[in-house]
Amino acid sequence: MATSPATPLPPVPTTGFLPPDPPLEAAVRAEGEKLFALMDAHPAPGLFSKKGAYARLMDWAMKDPAFKTQLFRFVDVLPSLDSSTEIVRHLQEYLGDKAVELHPALKTGLAAASLAPALVAGPVKAQVVDMARQFVAGEGPDDLVKQLRRNARAGLATTIDLLGETVVSAAEADAFLQRNLDVLDTVAAALAKDGAPAFSDLGPSGPLPRLNLSVKISALTPDVHPADPENSIVALKQRLRPILRRAREVGAFINFDMESYKFKDLTLALFKSILEEEEFRPAPPVGIALQAYLRDCEADLRELIAWARRLRRPISVRLVKGAYWDYETVLAQQRAWPVPVWSRKAESDANYEKLTALLFDHADLITSAFASHNVRSCAHAIAQAGRRGIDPRAYEFQALYGMADELKAALLQTGHRVREYCAVGALLPGMAYLVRRLLENTSNEGFLRARNTGEATKEELLRHPVELLHTGDRKPESGQAPAGYDSPVSGVRSPPFRNAANTDFTRAAARDQLRAALQAAGARLGRRWPLVIGGRRIADREYVPSVNPARPAQIIGHWAKATRADADAAVAAARAAFPAWRATPAEARSAILERAADLLESRRMELNALLILEAAKPWVEADADLSEAIDFCRFYAAEMRRLGRPEITQRVPGEHCTQAWIPRGVTVSIAPWNFPLAILTGLTVAPLVAGNAVIMKPARQTSIIGAVLMEILTEAGVPPGVLNYLPCLGSEVGGHLVAHRQVDAIAFTGSRAVGCKIWETAGQTLPGQANLKKVVCEMGGKNALIIDSDADLDEAIPAALYSAFGYSGQKCSALSRLIVLAGGYERFLERFLAACPSVPVGDPAQPGTVVGPVIDADARQKILGYIEQGKKEATLAWQATLPPELTAGGGYYVPPTVFTDAKPDHVIVREEIFGPVIAVMKARDLDEAFALANGADYALTGGLFSRSPGALERAQREFLVGNLYLNRGITGAIVERHPFGGFKMSGGGTKAGGREYLQNFLFPRAIAENTLRRGFTPPEE
Ligand SMILES: Cc1cc2nc3c(=O)[nH]c(=O)nc-3n(C[C@H](O)[C@H](O)[C@H](O)COP(=O)(O)OP(=O)(O)OC[C@H]3O[C@@H](n4cnc5c(N)ncnc54)[C@H](O)[C@@H]3O)c2cc1C
């Protein structure tokens, strides 16, 4: 409720932060000093009280960042450790780390701990539980009711947060829903017996709901897919409606917490959409948290206010700065996406103040809740309200249980309502929450640390954030990579190599673009694509249709089938074009690749649509495939520039010694269908930029994508004959090409059977053959992921599911053997099997699909055969049921399947399946786990989920695969970051997207020139 100020204030400007305004600043300082004085007069004992082990630990953590990392990691893993020996082992591994400075007595204690683990483990666990207790108000509803009453006696209102964030299965989501309903019932019943409301439960027009529950949407359903908001919202509403209904019945208030950025638009959309439902328009009272550290927070808030006005729906907004700053920054940098948060702390503070003013401009409809422990942010809100004549009871402050107690008291004493955010739940599983609080308390830039350690004076703490922006050190602007992010060799490149950014499909505009592209592509299907040999389009051949695996009746296009004579013609054309291409400077060849990369990028959505239709790639997979193709072009272009300059091998007076590279000759590139654009591009442009002439043979299932790539490379400037497009059947014409005496290199990715045959054929030297043939051969995998008993299952389960079932398990890197350590086997398996049904199976044209059809009828038949075999030798633990509407169109769908009790000699454990089938094995210990993992014919990718530094170190030494992934999924290699390729029957040890790759298509030449003439040398020597 607002009473008008003497002179109306101008509206909050839409651009820039609020500049310092002297009268307002004076009021902010006065309010701030008042709060500080009250806080100093009644210091509350807490985390930073001078006594106590926590204070010492936190002190230590702030002084030694290495100790802080290791301590918080230990706190995070502790709940999963179920024996004293394990606790002691982890403690030693974390805190025994050489980088960590420990008190000598503690070091000795740690070293001796293995002698009597129980003596150490018990107290350590108790201490961590105690630490958690500082931030968690209790375990169950009874504790909660007690806390609510305690708060009420102190004048505080309460909002309840039920601990538990990630749910991986419907069962877990149901359990969480039930806990919410139980809390609403129990607490409502208890409060009904209580007397008068607390000071903070009284608003300007009377009592406010005393029961106030904060909800996180990620805990409501496992089916949250930010790229598919429509279906996610349907799933979320199913569990949100019962909560809102019960809240309405018991007169409770529901607040939507705000989580990481990827959920932000979804949370806002859900909030609006459910409140637009007739039954929830009048009640219950609701609120939502908005994060001022986000650059788009202001736009969201303005949009929310406009929406609330349209609906005439009063709501609350909890204004926070945001709890995931590091996470958002790192993630955006990893993905080359714009960083969504402000890069400087003062910017978040300044935005907070601007949004405070904006909220007050709409105090007639929006009730503000300022959730901050920062005295300046609170004082500013008080001063803003004061200058607008807003009743202090018309808004509230919120603070966390266990933190900023003296601020809560000071705010109460100055007549402000304060609500405490009380997390409740089992202490040990609530560690994610504890770690967030510990980080907040010790954060370098946080108010709490600055105040509690005395690092800043009160004067400094009350300064206007915009002033700090002008005086403070400048950090890199958002979106700008920190030092070291650029490619390590960028110094020699022009322009430096940067990975292409995948599309962020959480953005509605991106989803609309791809939908439109899919529609447009539908209208262009069925075209005929001729061969291209020596720059000539050869159309009079037999044509083969290429179909959509999700709807085989839909023909994507027809490709001309090359004959043996065409193959001979292509080799002749390539040979003829080779000398001029070899003589073309590396710089010019690189520039062509970069133009191709630009063309690929400019046609991103159109190509995504084609990948979805011809290869049945789900949206994000299609988009990643395209990014990888672009990366190959840019990375190999940069690499060729580097290799194109002769390198001095040794500096010695009187002799100029260099090494240079020359191309091999004619290369045949034979690509698979599973990365129909990325691998085909990589296998083609690498030899091409190295100066070879190339014959490109795409997989028959995805030859239309190959034709489009040919079109793009031609448009980019690859001369006639230097690249030839030769779709054909491998058995008829591919073999002929490999054996051809005028072919110098073969770049192949595909099955083991074909790869080995190519290797063998290429090894035979024919009369008249100029060179020994080079074969770059990448084949399959039987990839294993090991789950240690201390693994973080909230992370491991989604990663395992995606690695195994993403793109229907049709990646050479896909997970097919899941090796689970006995110590955590039951716990893992129960959650894992319960989580399997949440993996979306469907038409890849739908944005949320993870598992689409497999590539063709043959593949489907083969995989189904393996599933039958699995049923004979292992236990069928789970299999998806395919909805009839999915299979009605004849799509090549295979139900994702999980077998347990698999043994090393089983066929499903030994042979590559190339479909969504997992074999789970139990391992006694890490020794056995590594032995099982390494006991395959293949060595491509592999992974380990563990929170034991020792186990992670062992994996690096003992888990022998080409690409080892620790604590993450095992698919999704990125060019340059993860050079890709394996050994054993997975390939010849080459690394696509790695720095040595181009050398496969080059011969090195060493040149030594005697520069000593009549006793003198050129000056530079
Ligand atoms: C009751 C309550 C409820 C909350 N609910 C939520 C919620 O739903 N969602 C949520 O995300 N958070 C929530 N938070 C946490 C909140 O977002 C803040 O992380 C926390 O309160 C610290 O902010 P502050 O104003 O108290 O402290 P300050 O020390 O003033 O601010 C610290 C904050 O500044 C920001 N920051 C730090 N470094 C930088 C930098 N270099 N550049 C830009 N910004 C930076 C970060 O947001 C950091 O948390 C809640 C907090 C409270 C008290």
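**Exercise 1.** Which side chain does Arg-575 meet in a salt bridge? Place both residues in the predicted model and classify their exposure.

*Solution.*
- Step 1. The partner is Asp-744, with an N to O distance of 3.2 Å. A salt bridge requires that distance to be within 4 Å, so the pair qualifies.
- Step 2. Arg-575 sits in helix H21, residues 564-583, while Asp-744 sits in the loop between helix H27 (730-739) and strand E22 (745-749). The pair therefore ties together parts that are 169 residues apart in sequence.
- Step 3. Arg-575 has a relative accessible area of 26%. Buried means under 20% and exposed over 50%, so a value in between reads as partly exposed. Asp-744 has a relative accessible area of 2% and is buried.

**Exercise 2.** Find the salt bridge between Glu-396 and Arg-419 and decide: is each residue buried or exposed?

*Solution.*
- Step 1. The side chains of Glu-396 and Arg-419 meet at 2.7 Å, N to O.
- Step 2. Glu-396 belongs to strand E10 (residues 396-400) and Arg-419 to strand E11 (residues 417-424). The pair links distant parts of the chain, 23 residues apart.
- Step 3. Glu-396 is at 7% relative accessibility, so Glu-396 counts as buried. Arg-419 is at 3%, and is buried too.

**Exercise 3.** Treat the bridge between Asp-364 and Arg-309 in the same manner. Then set it within the structure's count.

*Solution.*
- Step 1. The closest N and O atoms of Asp-364 and Arg-309 are 2.9 Å apart.
- Step 2. Asp-364 lies in the loop between helix H13 (345-361) and strand E9 (366-371). Arg-309 lies in helix H11 (residues 297-311), and the two are 55 residues apart.
- Step 3. Asp-364 is exposed, at 57% relative accessible area. Arg-309, at 35%, counts as partly exposed.
- Step 4. The structure holds 74 salt bridges.

**Exercise 4.** Describe the second largest pocket: what is its volume, and which element gives the largest share of its lining?

*Solution.*
- Step 1. The volume is about 1,300 Å³.
- Step 2. The lining has 44 residues; the closest to the pocket centre are Trp-673, Phe-748, Gly-750, Ser-751 and Val-754.
- Step 3. Elements giving two or more residues to the lining are H27, E22, helix H28 (752-762) and helix H31 (857-873). H28 gives the largest share, six residues.
- Step 4. Sort the lining of the second largest pocket by class: 21 residues are nonpolar, twelve polar and eleven charged.

Conventions: Residues numbered from 1 in each chain as written. Predicted model: local features only at pLDDT ≥ 70, side-chain atom pairs only at ≥ 80, totals over all residues. Heavy atoms only, no water. Helix = DSSP H or I, 4+ residues; strand = E, 2+ residues; numbered from the N terminus. Buried < 20%, exposed > 50% of the residue type's maximum accessible area, 1.4 Å probe, protein only. 1 Å grid on protein atoms, 1.4 Å probe; cavity = no way out; pocket = protein on both sides within 12 Å on 5 of 7 lines; lining within 4 Å. Points joined across faces, edges and corners; volume = space filled by probe spheres on them. Nonpolar A, V, L, I, M, F, W, Y, C, P; charged D, E, K, R; others polar.
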